[in-house]
Every structure is written in structure tokens, then in C-alpha cells.
Amino acid sequence: MTDLLDSELFFDCEQSPGDLPGGDAFLAWRLRSLTPVEFRGLSVDWLSRKQLAYLAWCGLLAPTSHNTVPQWFELLPEMKAIRVWLDRSRVLPASDPSGRQATISIGCAVGNIALASLCLGLDVDVELANTPLSLTGPLSNSERRHVPLMMLRFREGTKLANPIDWIDLMRRRKMVRAEYDQSFQLNNSLAEQLQKVVGGRKGLQLHIITDPSALIALGKLQELADNTVINRVSFARELGDWLLENDDQSTIGMRGREFGLSDDAARRFHRGFKGEIPLFPDETAALAKTGNIGIRTSSAVGIVTVAQDDLEHRLAAGWAFEEVSLRLLCEQFVVSVHAGTIEVEASNLALKGHLRTRNRPVMLFRIGKPRRQEDGLRPHSSRPRLSAQTIFDLQSGADRGPDSNPAKRE
Amino acid sequence: MQLDVANHPFGLAGKGLHPLLLDAKDAHRSGTVSYDVNGTLLLQHPSVGSLQIPPTRQFPCVRATFDDLNKSLSRLANSPRTDEGTTLRENYENEVAHYEGLAAAAYAEGRFEPDYGSYIFDPRQNEIFLVAPELWHKLALLVSNSTLLVNPEWKHGWRELNQRLSTAVVGFAGVSVGGNVLEAWLREARPRQIKLADPDWVELTNFNRCERLSLRHLVGSRGARFDQRNPYEAARISKAAYIAYESLMVDPYMVIHMYDEGLTRGNIDRFLTGDGAKEPKLDVLVEEMDDLELKVIVRESARRHGIDVLMLSDFGHQAHLLWNPFRTCPTSRLGYGATDENLIKALDQAKCGERNKVFDYMAAFAGNDFATDEFKSWIEGKGEHPTASLPQSGSTAMASGAIGGKELALHVLGHPVPKDNRVIYDIMRRTVREG
């Protein structure tokens, strides 16, 4: 079964772009962008488990909060469907107490699968699971670790004349948490296009901020939010668990190099946030400052607001964001998500005031092009294999799995 | 299509603070300023619409200006001579006679003010001031400095020296300690124009060291909130805007070229060299930014354009003064403590998140002896650390400003830069060291 899920046919292991480290943890980024014909050629049956596995791999490429990769997949060839689950052990209690960022992350994964389907000539019907919002927060004792969030059912679709190669974009996309080049501007027609992508979903709106003074203020707000959370012991410990040393082999979590940290700095922040060694206040403040500089040097900041902060809107926000980030990549723009302003309630309320809206901001991301070419070549984040993220049989005990915190693994 | 939501308070921080300067004669004749019988002033201007200002918010300053000058300007033989050969005192007498004639006529006709001087409308306070014409207002601001500042050869007279000071164009990049240097420069020179750049907003923690900060500049009013009950909405005020406002409320005739987005890679050259039209080239740049990379980039650009750079650094109890005399020495290096090559290497290493590399860069920039005493202990992590930012002593920051302002004036008047371009004023040890 594992061989089938992680089939060698899915990957092109010969390719080795500069930002793609070797090793199993980075296999996902070597995913081939299959043509509809190649996709059909994966198996004799139409929409076999293998074909669904390929689509699920696309879902694995989606960005997730702290690179927790909380999306799990149940492949249902008999129903021509994939059910997407949330692994609540990957919902972070300190930084994401309501599970908002985790469910948005699931929305990104769903978005990837839906966009990949388009490339492969499939239509998708999406059905929201009836999981209550209260069951999407961090896992507590005796609760179910996995909860279903969405079902995607596939149908034969119409072939598009010149489809965007979404899968190629997915495997090239990454968070670029670097200073951007202020001289690049986001043109109005692209901005309008992005706003339509988000605004086409009921209850969602994309605010695009380009005014330099407003970007400066947003940068300060983000720095303030980051300082707030870094100074909370529980948040810092959690960050230490997920901000890893550069040579860490974990398939989840973020390595310091993705933030531009040297090996020594990554080790120091990892250990310092975990409480193993003392950090200086100015060190953590400097880390918070990088988010500020990142925002103020951006071409634009995008903020997704929702009319209702429920599961449906969170998933839709993630899906919309993923399409936006891929469309931006088409135009050579990269993005970086900043959750601090969203999840620190005081900052979120301040942001609502700035935006002149009564809707809740649920995503804030900056848009731009890295100022230094080498920053654009920082390595991708890691990903687990699909076989490690697949729901096989909930009755077999898999639903009471170990804590997925990368720092607590063997 | 409007991308940004209109009227973001955070997009407008500090904008709207700029006082409005109106020539009194023009204002009366155009109807921009008029009075009703009770003395309520009606201001009609595109920037404010139509606004009634009661007498309690009107401040006629002309009489006081002439009274104060009367006390200061000597009638004796050493009163400075004008181009026409008259003394400053004689000119003053003539001007006062002219003003008093106009004032008497206006009073006799039942008007509130003659066609004389300039109105200054303060949009922050909704107050209006009537001040003397530029020559006399600026004279009153400068006259107490007397002839304490001269050129090295003692060749020039008071008028010529003031001319040199007032026409010098100094740009300030970073207006925390830079604002203190600005304040001292304004007090010495009363320049016709300056340039200011700072992207940050005012914080209460800046109040220990920045000139003229008060609660007026901490936040915007409740009226700026979208939801007036939302306690988290705090419109903040741009540092560049606050300091421009405070400076203009002293000298409203000064022209300020504002860069409230701060210096960026995209605007550095314009800041240094002007726009070829109304915005002039700098004579001196005062660089007080905390962006490690911009400090290098702006110096590289200043060197290319032959513009001198002055930096005052408040390191603990020491004020470090450092010149880059690029005008006279276009090959001089960017930092004090290292060659350009090593400085840029140190900069690259400082970006990787390692704390000690930041201090290595500071040493390459300011010299290996930049940290002493308690400041050095702070860097070494000894003792308690109540703040996450670099510690700054309020009085050292103020002293740095005063030293910088004087240094600018001396420089403009032709005094040489110090030995090896650097001076360390150690306030704790009460010593000064050149080089």
C-alpha cells in the first residue's frame, strides 16, 4: 500500500534545483507535473487509489502554519473521492488556540487538490463535513486526533485549451521570509484579479495595501504582535519545538535557514525558545523586527477578511489564498504569511480598525520579490510522505497516534 | 480602482499636522481670513474647508516679537550693518514704525489686524497665530546667538555668517537622536530649508531622549478611529511629521522636505541630490538610522555625490561624533573601524541572526572602542535587561544632539573636521578624545 501511495512514478528525482535539498524530507517538491494523459496512464481504472494519491501529494505541497502539515487524506477510490482530515495533534495550542490557522492550512491543501484537478481535466464537487468548529482546536486528552473537514468528489471535466500548469506552480511555491525589493510594484490589473479570486467566495474579501505609510504601520503592528507572543513562555516553547536547526531531518517544522538564519543562529533560537539556553531580549526583538522590515519592503500586503469566522469561511480563505499565491508566482511574485497580527487579538482588533471593516481578518500575507537573489533560493521546507499522512483505518488505533511535535519525536 | 481603503488612519499618520502659512495681506484680500464683529475668525481654505476660530484660539504675536527685538537689538555703533549701510537697529526702527502705522489705521477702521505678517494655522489645535514677516521673526529666533559662531578666520560679518548658516541644506535621516541634532542645528542656524526622513512612529519609550515630544504626539485622536469604542485602535504619529510640526511651530517660514516613508533604496539619491527643481541638494547628511544596511548604502551614495555625512551615536554615557568628509576627501572610507571591504563583510554576517555579529558590525562602523562601561556590560549580557532595544541614556542622547548641532554649524562655517574624523565625548569621565 505504501509503495502505491508514494509511487516512484510521481517523482522526478533527477531534478535538483538550487533550493531543493536532498533527502526524503524534500521528496514532495520533486513531484512531476503530470499531463492529463500521463495521469490517466497511472492505472487502468479511472480514478484509482494511485491517481487519488497523486492528487493528495499535490495537497501535501500546500503551505501550512509552522509547517505543521496537519492535512491527512483518506483515499476513497470507490467513491472517486478524497476526504481531507485535520490532525489535531498538529494544531498549536499557544499560537493557534482556536485552530484557525490549522483549518486555513487545510483550506490551502484543498485548494491545491482542486487546482491540480483542473490541470488534469477533472471537475471537483466539494462537501463540507459536519465537524463542529469546537472540534478543530488543539488536541486534548481522550479526544479524537483526526477529524474530517472536507470531501472532494471528482468527475470527468472539460479540457481547458490552455490550462495554467498549477502543479508546476505548487512545486515551485514556497514561503520567502526575506526582505523584498520595494521598487517592484503590484500592478492594478493583477491586484483586481486577486481580489476577484478571493471576493468570488461568499463572505470573503481581499484587502490589498500598497501605500508605503500603511505598509510601515502594518509592519510595526506585526512587530508588536510578534513581540507579544515571543514574550509568552508557552508560545516561545512551542516556537522552539517547531523552529528547527538547519540540519534537522524532520519532515515537518521550519528550519532556521528558511528565515535566513545561519546554522549557529538557528540552533541558538531553537534551543533558546525551548528554554534550554537564555536568549537576550534584543535577540528576540531583532527576530520580530525582521517581520516588520519584510512587510515595509513589500510590494503589497494582502489581508483576507471573512464575514463569519467559521469552518466554512476559514477553509475558503485558505483555498483562496493558495490560488492567489500561485497566481502571484505566475507573475514572479512570492509571498510570506504573518499570523501574529491575526492571532494576537489586540492586533487583530487594531487591524480591523485600520481596514475600516467589521469583518474578521484571518490571513495576512506580504507580496513581493526578494531583494537579494540568494534569498529567493533559500531551501524549501520539508514534507512527510503521503503514506505518513494517510488515514487507513480509524478503528485500528491510528486515531490515537503519538504527539506529532517534531521536537518530541524519537 | 482604489486598492487601499480610503482614509486609513495608519496611512495618514502625521499627515494633516503641517501648519498652514498664509500671507496676511493676501489672506485678507482673498477672504481666506476674515473676522466677524465679535472677533471670531473665519478661515476658508481647501485644506480645512470653512472654519470658525474664536478669539480664545487666536494668538497675535507681532507686537510681542517687536517688543522682544526692541530689548535685544542694540542702537550702538557695533550694531551690524546692512547692505544699504544702515544698522540693524535702524532697520528695526523703520519696520516698527511701518507696522505701527498699519496697526493704528486698522484699529481706527475697526479692523482686527492690518495687512501685515503671516497667519499660521495649527491644524492639530485649531489655533491661529499671526507672526511678524520672515526677516523679523527669524531675526528674533537667532539674535541671542549673537556672534558666538564665526568662521575660522574671523573674516565675515554677522550678516554674512548668518547667510551661510541659513542657506546650508542639511538632511536628517532618522529623527530620534537625529531629531536632537536637528533641534540644535535649528537653534544655531535657522536654515531656510531642511530635509527629514524617518519611517517610524512616535513611541512613549522615545520620550526619554527626543526633543519636544509630549502626549500630543503619542496617538491620533479618538476621531481617527473606525470604531470609537475599540480600545485597540490607536492611530500613531509619524516621527518625521511630529518633529516637522514642532519645528514649524517655532519657525513657520522654514521649508521642510519630508520623507515620512524614511530613506529607501529608491529615494536615497533624491534625498541627497534633490529633484532638480524645488528640492535642493544636501550640503550635509546627518545619518541616524538603525537599519544596518541603509547606513552603508546611504554613505556609498553620499560619497558618490560628494556630500559630507555626520553621525552622532549615543553609546551609553558616551557621545561619538563621526564625520565622513566625502566632499573634501572623496576616497575616505565608509566606517571608522574597518576598511570598506571588511565593513561590508561584517554587514553580510550581521544579517544571519547572530547577535554578536551585529556588534562586530557596529565595531567595524564606529570603532572597536564603541562600547565601554555599563553599555559594554549590556552587550556582554551582564546584569538585568529591562529593555529589548539598545539602551539609550536620555541625557547622552540630548548631549549628542547639542554636539551635533554645534558641529554642523562649525562645519558650514568652514571649521575643519576633527582628527581622524571622530570625537568621543565621555560624559561619565568628563573627557573628550579626538581620533
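Biologist: What share of the contacts in chain B with a separation of 6 or more comes from residues 24 or more positions apart?

Modeller: Heads-up: this is a predicted model, where local features need pLDDT of at least 70 and side-chain atom pairs count only at pLDDT 80 or more, while totals for chains, interfaces and linings use all residues. Residues are numbered from 1 along each chain as its sequence is written, with chains lettered from A and ligands numbered from 1 in the order in which they are written. Two residues are in contact if their C-beta atoms, placed from the backbone, lie within 7 Å. For chain B, the share from residues 24 or more positions apart is 66%.

Biologist: Why does chain B count as being as compact as a globular protein of its length, and what is its radius of gyration?

Modeller: Chain B has 13 helices and 15 strands, these being DSSP runs numbered from the N terminus (H or I, at least four residues, for helices; E, at least two, for strands). The globule rule, 2.2 Å times the number of residues to the power 0.38, gives 22 Å for 435 residues. The radius of gyration, taken over C-alpha atoms, is close to that value, so chain B is as compact as a globular protein of that length, at 24 Å.

Biologist: And what percentage of the residues of chain B count as buried?

Modeller: A residue is buried if 20 or more other C-beta atoms lie within 10 Å of its own, exposed if 12 or fewer, and partly exposed in between, with C-beta atoms placed from the backbone. The C-alpha atoms of chain B fill a box of roughly 75 × 65 × 45 Å along the principal axes. Of its 435 residues, the buried part is 41%.

Biologist: How far apart are the C-alpha centres of the two domains of chain B?

Modeller: Domain bounds come from an automatic or database domain assignment, which for chain B gives domain 1 (20-135) and domain 2 (158-434). Eight residues of domain 1 of chain B are in contact with seven of domain 2 of chain B. Their C-alpha centres are separated by 35 Å.

Biologist: Which strand gives the most to the side of domain 1 of chain B that touches domain 2 of chain B?

Modeller: That side of domain 1 of chain B divides into four nonpolar, one polar and three charged residues. Here Ala, Val, Leu, Ile, Met, Phe, Trp, Tyr, Cys and Pro count as nonpolar, Asp, Glu, Lys and Arg as charged, and the others, Gly among them, as polar. With three residues, the top contributor is strand β6 (residues 118-122) of chain B.

Biologist: Over in chain A, which helix gives the most to the side of domain 1 that touches domain 2?

Modeller: Chain A is divided into domain 1 (2-174 + 382-408) and domain 2 (188-376), with C-alpha centres 22 Å apart. Here 44 residues of domain 1 of chain A are in contact with 35 residues of domain 2 of chain A. The helix giving the most to that side of domain 1, with 13 residues, is α4(A).

Biologist: How many residues does the largest nonpolar core have?

Modeller: A nonpolar core is a set of buried Ala, Val, Leu, Ile, Met, Phe, Trp, Tyr and Cys residues joined through C-beta atoms within 7 Å. Ala56(A), Trp57(A) and Val84(A) are among those with the most contacts inside the largest one, and helix α4 (residues 100-119) of chain A gives the most to this core. The core draws at least three residues from each of domain 1 and domain 2 of chain A. Its size in residues is 119.

Biologist: How many of the twelve residues of α3(A) are buried?

Modeller: Helix α3 (residues 49-60) of chain A reaches 16 Å from its first C-alpha to its last, close to the 16 Å expected from 1.5 Å times one less than its number of residues. Its buried residues, including Ala56(A) and Trp57(A), pack against α1, α2, β1, β2, α4 and α5 of chain A. The helix is mostly covered, and of its twelve residues the buried ones number ten.

Biologist: Which residue just after α11(B) takes a positive phi?

Modeller: Val358(B), Tyr361(B) and Phe365(B) are among the buried residues of α11(B). The buried residues of this helix pack against α9, β12, β13 and α10 of chain B. Just after it, a positive phi of about 110° is taken by Gly367(B).

Biologist: Last one: how many residues does chain B bring to the contact with chain A?

Modeller: The side of chain A that touches chain B divides into 16 nonpolar, eleven polar and eight charged residues. Chain A brings 35 residues to the contact, and the number from chain B is 35.
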